[in-house]
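Okay, everyone, thanks for coming. Let me put the model up on the screen, and then I'll walk you through it.

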Amino acid sequence: MPARFILIGGFLGAGKSTTAGRLARHYTSQGLRVGVVTNDQATDLVDTHALRNQGYEVGEVAGACFCCSFNDLTATVEAMRSGELPDVIIAEPVGSCTDLVATVIRPLASVYETPLEIAPYGVILKPSHGQKILQGDGKGGFSPKAAYIFRKQVEEADFVVINRIDEIEPDEVDTLAAAIESEYPGRPVLRISAKTGEGFEEYFEFLQQSGEFGQRVMEVDYDLYAEGEAELGWLNCQLKVTAESGFELDGFLLSIVESLHNEFASAEAEVAHLKAIGMSDGNYSVANSVSSFTKPVLSLPSKHSTRSANLVVNARVATDPTMLEESVVSILKQVSQTYSADFEMETLQSFRPGRPVPTHRIV
Ligand SMILES: Nc1nc2c(ncn2[C@@H]2O[C@H](COP(=O)(O)OP(=O)(O)O)[C@@H](O)[C@H]2O)c(=O)[nH]1
Ligand SMILES: [Mg+2]
């Protein structure tokens with residue numbers, strides 16, 4: 001049996017990683033071997049650490065997106081389980097990527113020599129993104145170029161998944177589903193909460209279908225796409241935090257994300273995603289902010305206090321990467337001081353994503 005390949009599309013902060021964890025748990029509980037592949041333009045991914053800490057086999061394609069480092073994607077797939085393919089491969093692309101049918105799915109089907117069974121390609125939506133872009137609601141938050149990428153993501157999907165239904169009223173979900181159906185006819189719309197698990201039975205069933213999926217090749221204006229991606233400043237860093245008298249991991253992480261969130265809100269720099277993971281003695285906490293308009297949350301508390309922890313912070317914000325780096329470093333200093341802790345920066349990268357140049361583009 002060829003391995004089933006499930007690509008989880010969706011914008012930054014849509015809920016892809018949370019969904020990947022839930023799918024992985026589901027297939028693992030059925031006795032299937034699951035491999036997850038994460039992806040980013042830089043190394044040190046919160047997502048990779050978060051999924052590994054859940055006990056999954058995670059391969060990472062770091063340094064460029066799947067489309068631009070296609071051979072790294074296939075090599076990562078090969079390397080999982082020492083060359084023996086898992087039964088299910090769950091892949092999470094970079095949230096600002098689109099054109100994945102032509103540059104990832106089609107090449108996997110026709111260039112990659114190992115046969116894979118391509119599952120229906122679903123794109124996850126965060127309702128507030130959908131409402132802003134497809135229903136034209138609400139203030140700011142999306143530049144026209146970012147909105148272009150978002151729309152293209154939906155256009156190439158086999159089906160669309162409205163996430164976070166735990167947070168919104170059913171009639172709001174209906175309105176959003178109607179907006180998707182009217183703008184993109186023929187895409188089935190599923191409704192889930194990756195947080196509570198609601199709607200996943202239907203999602204699992206949907207993914208089990210066999211057929212000709214991942215075929216919606218589309219036209220993409222690569223200039224607009226590149227400009228949209230380059231509006232974001234990108235930062236990944238890894239650090240070690242120590243405090244002689246100990247510190248609370250949850251509070252520390254949430255303080256970092258909240259302080260960054262507030263700083264960018266006052267600078268009117270739109271947050272696309274801020275995330276931080278803290279790991280210590282087998283415990284881990286995760287904190288997230290997914291927009292300037294929603295409250296930062298401790299997505300995963302550890303209730304752990306420690307004298308030392310390893311942290312990874314990833315920030316994608318519509319601002320200059322130099323300013324982003326200054327803000328992150330200064331907030332890490334402030335928060336450490338508040339907790340009477342010290343930190344040592346181990347790696348730090350900040351940049352604007354370069355123009356996407358896909359390895360293959362099969363139309
Ligand atoms: N309330 C709620 N929060 C969610 C849901 N799915 C994801 N989140 C939260 O949204 C944030 C971003 O999720 P993540 O999976 O990292 O998004 P990604 O960037 O698409 O991978 C995290 O804080 C998650 O805990 C959901 O269904 N409901
Ligand atoms: Mg993610």
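**Two domains and a ligand**

So, 19 residues of domain 1 are in contact with 23 residues of domain 2, where contact means that the C-beta atoms, placed from the backbone, lie within 7 Å. Before I go on: this is a predicted model, where local features need pLDDT of at least 70, side-chain atom pairs count only at pLDDT 80 or more, and totals for chains, interfaces and linings use all residues. Residues are numbered from 1 along each chain as its sequence is written, while chains are lettered from A and ligands numbered from 1 in the order in which they are written.

Domain 1 is 3-229 and domain 2 is 232-351; those bounds come from an automatic or database domain assignment. Their C-alpha centres are 25 Å apart.

On the domain 1 side of that contact, helix 2 gives the most, four residues. Helices here are DSSP runs of H or I, at least four residues, and strands are runs of E, at least two, both numbered from the N terminus. By class, that side has five nonpolar, 10 polar and four charged residues. Nonpolar is Ala, Val, Leu, Ile, Met, Phe, Trp, Tyr, Cys and Pro; charged is Asp, Glu, Lys and Arg; the others, Gly among them, are polar.

Now, which residues are closest to ligand 1? They're G15, K16, S17, N288 and S299, out of 21 that surround the ligand, meaning a C-beta atom, placed from the backbone, within 6 Å of it. Both domains chip in, with at least three residues each. Helix 1 (16-29) and strand 12 (297-300) each supply at least two, and helix 1 has the largest share, three residues. The shell comes out as five nonpolar, 11 polar and five charged.

Stay with helix 1 for a second. Helix 1 packs on helix 2 (residues 46-53) at about 25 degrees, axes 11 Å apart. The axes are lines fitted to C-alpha atoms, for helices over the stretch in contact, and angles run from 0 to 180 degrees between N-to-C directions. That makes the two helices roughly parallel, the word for angles under 35 degrees. S17, A20 and G21 of helix 1 meet D47, A50 and L51 of helix 2. S17 is also one of the residues closest to ligand 1.

Last stop: helix 10 (residues 249-266) and helix 11 (residues 321-338) pack at about 135 degrees, with axes 10 Å apart. Among the residues making that contact are F252 and I256 of helix 10 and V328 and I331 of helix 11.

Technical notes: Contact = placed C-beta atoms within 7 Å. Parallel < 35°, antiparallel > 145°, perpendicular 65-115°, else oblique.
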